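Hi everyone, thanks for coming along. Please have a look at the sequence and the structure on the screen, and then we'll walk through them together.

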Amino acid sequence: MRRISYILLFVFLCMVLNGCQKSEQTGMLLQLGNKVENSLIEAVPSESIDTKSMTKLDKFSCDYDLDNNEEKIELYTAARRNEKGEIGWNDGQNWLLVVWDGQKAYPLLSEYVQLGSVYFTVSKNGIEDASKEISHINAIINIGTKFSVTTYSFNKDKGGFVGGIVYNSKDTNFVHTSIPDY
Ligand SMILES: [Ca+2]
């Protein structure tokens, strides 16, 4: 009888703990809202990122750290192209937005996106003094239940890209977009 009581207590505690975790996660998502949550993306060895089985969708060269050498920014999806060049989309796939700088790489965005696509833009702050010009790499995630824009810029002092969400839709049901599909 005592053993059964212990088992019941264990099951109860598991249910309580699981419930707490879920409410914490929900709380975190709600908190994100539209405020910028800055995070630092540090370099990883380029060879640690394997894109062989991915499809490159776009690339752009940009001197993000103002050392007079341009680096490549590339966007990949895990969905593969067939012989006709058409992409075989699954319901969701991994996406990767990465800045390559020789032996170093900065994976700005690396995540699974359900029923949607990722896009990126590059912008500059327009300051005439070239030594102070800052490039922003902006990632757009467009899915049926979310539209978000995250911006990243290189911070020499911190030794990496500082990124944060600048817009995260409060709406959760997107019925139309004019953004072309890949
Ligand atoms: Ca550079």
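Let's start with the largest nonpolar core, which has 20 residues. The members that touch the most others are Leu75, Leu97, Val99, Leu108, Val118 and Ala139. Keep in mind that what you see is a predicted model.

Where do the core residues come from? Strands S4 (71-77), S7, S8, S9 (116-124), S10 (135-143) and S11 (146-155) each supply at least two of them. S7 gives the largest share, with 4 residues. As a bit of background, nonpolar side chains tend to be buried together in soluble globular proteins.

Now pick out Val118 on your screen. Which residues does Val118 touch, leaving aside those up to four places away in sequence? The list is Leu75, Trp95, Leu97, Leu109, Val113, Ala139, Ile140 and Ile141.

Let's zoom out to the protein as a whole. You can count 1 helix and 12 strands, and the helix comes at the start, with the strands following it from the N terminus on. The protein has 182 residues, and 14% of them count as buried. If we take the contacts with a separation of 6 or more, 46% are between residues 24 or more positions apart.

Next, the sheet. Five strands make an open sheet, in the order S2-S8-S7-S4-S3, and the pairing is antiparallel. Why do S2 (44-45) and S3 (55-62) each have one side without a neighbour in the sheet? They stand at the edges with a single partner strand each, so there is no strand of the sheet on that other side. For those new to this, strands of a sheet pair through backbone hydrogen bonds.

Let's follow S7, since we met it in the core. S7 covers residues 92-101, S8 covers residues 104-114, and 10 bridges join these antiparallel strands. Try finding two of the pairs: Asn94 has Tyr112 of S8 as its bridge partner, and Gly92 stands opposite Gln114 in S8. Together S7 and S8 form a hairpin with 2 residues between them. In that turn sits Gly102, whose phi is positive, about 60°.

S7 also pairs with S4: 6 bridges join them, and again the strands run antiparallel. One pair to look for here is Glu74 with Val98 in S7.

So, to pull it together: S7 is joined by bridges to S8 and to S4, and S7 also supplies the largest share of the core. Thanks for listening, and I'm happy to take questions!

Methods: Residues are numbered from 1 along each chain as its sequence is written. This is a predicted model: local features need pLDDT of at least 70, side-chain atom pairs count only at pLDDT 80 or more; totals for chains, interfaces and linings use all residues. A residue is buried if 20 or more other C-beta atoms lie within 10 Å of its own, exposed if 12 or fewer, and partly exposed in between; C-beta atoms are placed from the backbone. Two residues are in contact if their C-beta atoms, placed from the backbone, lie within 7 Å. Two strands pair if DSSP finds at least two bridges between them. A nonpolar core is a set of buried Ala, Val, Leu, Ile, Met, Phe, Trp, Tyr and Cys residues joined through C-beta atoms within 7 Å.
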